[in-house]
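Okay, thanks for making time, everyone. I'll put the structure up and then walk through a few things I'd like you to look at.

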Amino acid sequence: MDSRSILILVTIIVYLVGVVGIGVRFSKTNRSTGDFYLGGRRLGPLVTAMSAEASDMSSWLLMGLPGVALLSGVPEAVWTAIGLAVGTYLNWLIVAKRIRHYSSRIDATTIPEFFSKRFHDEQHILSLIAAVVIVVFFVPYTASGFNACGTLFSSLFGVNYLTAMLISAIVITVYTTLGGFLAASTSDFVQSIVMTIALIVVVFFGISTAGGWSAVVSNAQSMPGYLNLTQGYDASTGAAASYGGLTIASTLAWGLGYFGMPHILLRFMAVEDPKKLTLSRRVATVWVVISMGVAVLIGIIGNAMISAGAIEALSSSDAQRIIIRIAQLISTHGVLPAIVAGVILSGIMAATMSTADSQLLAASSSVSQDIVRDTLGIKLSDKTSIVIARCTVVVIAVIAMIWARNEGSVFTIVSFAWAGFGAAFGPVVLLALFWKRSNKWGALAGMVVGGAMVFIWKYGVRPMGGLLDIYELLPAFLLAIAADIIVSLVTAAPDASIEKEFDEVAAMKD
């Protein structure tokens with residue numbers, strides 16, 4: 001290992017030690033499962049905003065999105081980014097305050113528990129199904145983060161992918177297990193700053209190395225359809241592709257996923273002062289728009305750097321490594337640049353860890369709280385509950401490690417898990433918060449139809465091609481809403497106590 005690789009490694013290790021330190025620091029503040037899973041509802045507006053978006057973006061922001069833009073140009077990357085930006089804003093605008101008030105009113109600390117208490121489901125059918133959905137879709141989602149870490153270290157240091165992935169996964173699991181929600185949220189806030197620094201440095205260095213902004217634009221314009229939002233570039237043929245209206249609509253549907261993301265909804269539930277959610281919304285939306293715009297730009301710049309000969313050509317499977325290649329190039333310019341490269345690569349770690357820790361917490365809460373305590377009816381002390389919660393984090397992390405043992409596409413894994421949560425939970429959350437007539441059976445139908453249709457559409461319908469070749473989230477989301485509404489209307493209306501709670505929450509202004 002040469003000196004620059006050692007400097008990069010030391011920088012990353014310092015970063016990782018700092019993150020574990022945060023976990024140790026907050027491990028002393030967890031006196032109950034409410035502290036472990038929601039931080040005692042003590043999140044400030046900035047931490048709420050930045051931790052929510054950092055946990056949202058994951059390695060997809062620094063690896064998946066630039067890789068897509070590099071290969072095929074702006075259509076898929078930009079329409080996805082637009083859908084996510086709009087979804088982010090609407091989620092903060094209409095869901096955040098209502099779910100904070102509602103979850104506090106009914107004393108719910110997890111999303112499955114919210115569903116059961118919202119509909120007075122004493123059999124805990126909803127919390128059980130929701131817990132299963134969370135585990136099913138969070139395991140591959142968490143695995144995508146471990147995958148990204150393994151890819152990072154194997155690319156940098158020539159370490160075996162599996163070894164690199166396991167070491168990274170263990171670090172994430174340790175600080176999440178120790179610190180719980182406050183550790184995850186605080187580290188996510190720090191990691192959002194590291195991610196921002198990484199994005200800015202890469203953009204300016206990349207433009208300079210490619211020969212200036214004019215060279216970047218000229219390179220993009222030389223590829224047919226690369227900058228066209230309704231075409232795109234087909235690298236295999238060297239010709240313009242097609243990106244039609246239906247495909248655009250299904251890509252924009254990424255934004256629908258936000259309404260059902262447990263790890264983001266938990267941030268809303270944990271905010272200390274609902275009055276400050278307006279500030280959180282503005283901060284979150286601005287950060288998301290800028291960070292995704294810069295991530296797409298990195299893919300375009302990376303293509304120009306390849307054309308200029310600064311970086312070797314990348315295959316379609318390696319396109320997601322573009323930011324790693326740029327960081328490696330930066331590190332060749334001396335000691336300080338090597339440290340900067342370490343910070344950039346820590347940004348990838350940050351993006352990955354900020355999502356993986358939140359996913360592990362959400363998944364573990366589903367098992368320990370919603371299955372063990374609520375569904376099985378096992379009464380536990382707060383101390384025992386925290387021990388079980390931590391053991392659950394470890395078990396789920398191990399399963400995710402097994403899933404991630406073979407390297408794969410971060411973008412593909414994330415898109416599937418995103419669709420699963422968006423379709424299974426999004427419609428149920430919206431109707432539970434804003435439609436008084438929604439009932440337990442409608443929520444159950446919406447959850448089952450949404451989750452099942454993601455699998456059916458992706459593996460059974462979409463392969464047929466043609467008009468059916470659309471992102472599975474869109475049809476699954478629409479069918480889930482329809483199922484929830486129809487079943488609610490044909491079954492008994494909610495009882496008076498449920499409607500009273502709904503009206504009380506609806507009347508809350510701050």
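Let's start inside, with helix H10. Pro-262, His-263, Ile-264, Leu-265, Leu-266, Arg-267, Phe-268, Met-269 and Ala-270 are buried there. That's nine of the nine residues in H10, residues 262-270, so the helix is largely enclosed by the rest of the structure. And yes, the buried list includes His-263 and Arg-267.

Before I go on: this is a predicted model. The average pLDDT over the protein chain is 82, and 84% of the residues score at least 70. Where should you be careful? Residues 32-41, where pLDDT stays under 50. The model still has 49 contacts for that stretch beyond four places in sequence. But where pLDDT is low, the predicted coordinates should not be read in detail.

Now zoom out to the whole chain. We've got 18 helices and two strands. Of the 510 residues, 59% are buried. If you take the contacts with a separation of 6 or more, 83% of them are between residues 24 or more positions apart. The accessible surface comes to about 18,100 Å², and 67% of that belongs to carbon and sulfur atoms.

Speaking of the surface, here's a question for you: which helix gives the most to the nonpolar patch? It's H4, residues 74-105, with six residues. The patch covers about 610 Å², and its members are Ile-82, Val-86, Tyr-89, Leu-90, Leu-93, Ile-94, Leu-252 and Phe-434. Take Val-86, one of the residues in H4. With a relative accessibility of 46%, Val-86 counts as partly exposed, because exposed would need over 50%.

Last stop, backbone torsions. Most residues other than glycine have a negative phi. So here are two to click on. Asp-107 has a positive phi, near 60°, and it isn't a glycine. You'll find Asp-107 in the loop between H4 and helix H5, which spans 111-118. Then there's His-120, also not a glycine, with a positive phi of about 50°. His-120 is in the loop between H5 and helix H6, residues 125-157. Is His-120 buried or partly exposed? Partly exposed, because its relative accessibility is 30% and buried means under 20%.

So, to recap what I'd look at on screen: the buried helix H10, the nonpolar patch with its six residues from H4, and the positive phi values at Asp-107 and His-120. Okay, over to you.

Note on methods:
Residues are numbered from 1 along each chain as its sequence is written. This is a predicted model: local features need pLDDT of at least 70, side-chain atom pairs count only at pLDDT 80 or more; totals for chains, interfaces and linings use all residues. Side-chain values use heavy atoms; hydrogens and water are left out. Patches are made of residues with over 30% relative accessible area and no salt bridge: like charges are joined within 9 Å, nonpolar side chains (Val, Leu, Ile, Met, Phe, Trp, Tyr) within 5 Å. Accessible areas come from the Shrake-Rupley method with a 1.4 Å probe; for residues, only the protein chains shown count as cover. A salt bridge is a side-chain nitrogen of Lys or Arg within 4 Å of a carboxyl oxygen of Asp or Glu. Helices (H or I, at least four residues) and strands (E, at least two) are DSSP runs, numbered from the N terminus. Buried means under 20% relative accessible area, exposed over 50%, partly exposed in between (1.4 Å probe, protein chains only). Contact means heavy atoms within 4.5 Å. pLDDT is the predictor's confidence in each residue, from 0 to 100.
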